[in-house]
Amino acid sequence: MKQESYNLFKSADIQTILEVLETELKSRNESPFWRDKVVPFSEAILSVLVPLRDAKMLFNPQGEAVNELTPELFFEWSDFVSLKTLAFSIQKSNEAGVLLRTKLDESTSENYKSIDLKILGDYLARYSVNLKDEFLDFPISSYNLHQGVSNVIKSLL
């Protein structure tokens with residue numbers, strides 16, 4: 001990973017990160033297929049991770065506290081199963097008014113402010129993720145596609 005990527009994820013807003021990805025996609029002449037997938041997928045993930053970063057409540061898929069948003073943390077959450085789990089964790093946290101399903105300390109979790117899930121929810125719904133029942137699976141083709149999208153993003157950062 002480039003040092004600029006770490007600086008970007010550490011403090012930039014969502015739009016800035018997406019613009020950098022878009023610029024990299026254009027400069028590398030990626031196929032339109034991947035260009036159409038990378039930015040929306042990244043936006044969906046960042047729509048939750050950036051608010052968690054700004055609230056100092058980041059955690060990894062194992063629920064462990066993380067100090068800063070890095071490309072590696074982004075890629076941990078880019079696993080489609082993990083991303084689905086993140087959506088349900090935030091949904092339940094929004095309903096409870098406290099950050100749930102993490103190992104963050106209680107006083108931090110109690111300071112949780114609701115995160116808008118519209119971007120992430122719309123994105124997951126497009127790929128046949130059931131947003132009502134967490135335990136229903138989605139098509140393996142969606143998982144495989146997103147592995148490919150993650151690999152393209154890795155090549156950009």
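Helices here are DSSP runs of H or I, at least four residues each, numbered from the N terminus.

**Close-up 1. R126, out on helix α7 of a predicted model.** R126 belongs to helix α7. With a relative accessibility of 54%, R126 clears the cut-off of over 50%, so this residue counts as exposed. Follow the chain on by 16 residues and you get to S142; the C-alpha atoms of R126 and S142 sit 9.7 Å apart.

**Close-up 2. S142, tucked into helix α8.** Here's the other end of that C-alpha pair: S142 sits in helix α8. Its relative accessible area is just 5%, and buried means under 20%, so S142 is buried. Who touches S142, once its neighbours within four places in sequence are set aside? That would be F80 and Y127. For Y127 there's a polar detail to zoom in on: a polar atom of the S142 side chain lies 3.1 Å from the backbone oxygen of Y127.

**Close-up 3. The largest nonpolar core, with its 47 residues.** If you're hunting for the residues with the most contacts inside this core, look at L52, I90 and I153. At least two core residues come from each of α1 (3-11), α2 (14-27), α3 (32-54), α4 (71-78), α5 (80-96), α7 (118-126) and α8 (140-156). The top contributor is α3, which puts in 10 residues.

**Close-up 4. I90 and the residues around it.** Skip the neighbours within four places in sequence, and I90 still has contacts with V48, L52, L99, Y112, I115 and L117. One of these, L52, is also among the residues with the most contacts inside the largest nonpolar core, as is I90.

Methods: Residues numbered from 1 in each chain as written. Predicted model: local features only at pLDDT ≥ 70, side-chain atom pairs only at ≥ 80, totals over all residues. Heavy atoms only, no water. Core = buried A, V, L, I, M, F, W, Y, C linked by side-chain atoms within 4.5 Å. Buried < 20%, exposed > 50% of the residue type's maximum accessible area, 1.4 Å probe, protein only. Contact = heavy atoms within 4.5 Å. Polar contact = N/O pair within 3.5 Å; in protein donor to acceptor, adjacent residues only side chain to side chain.
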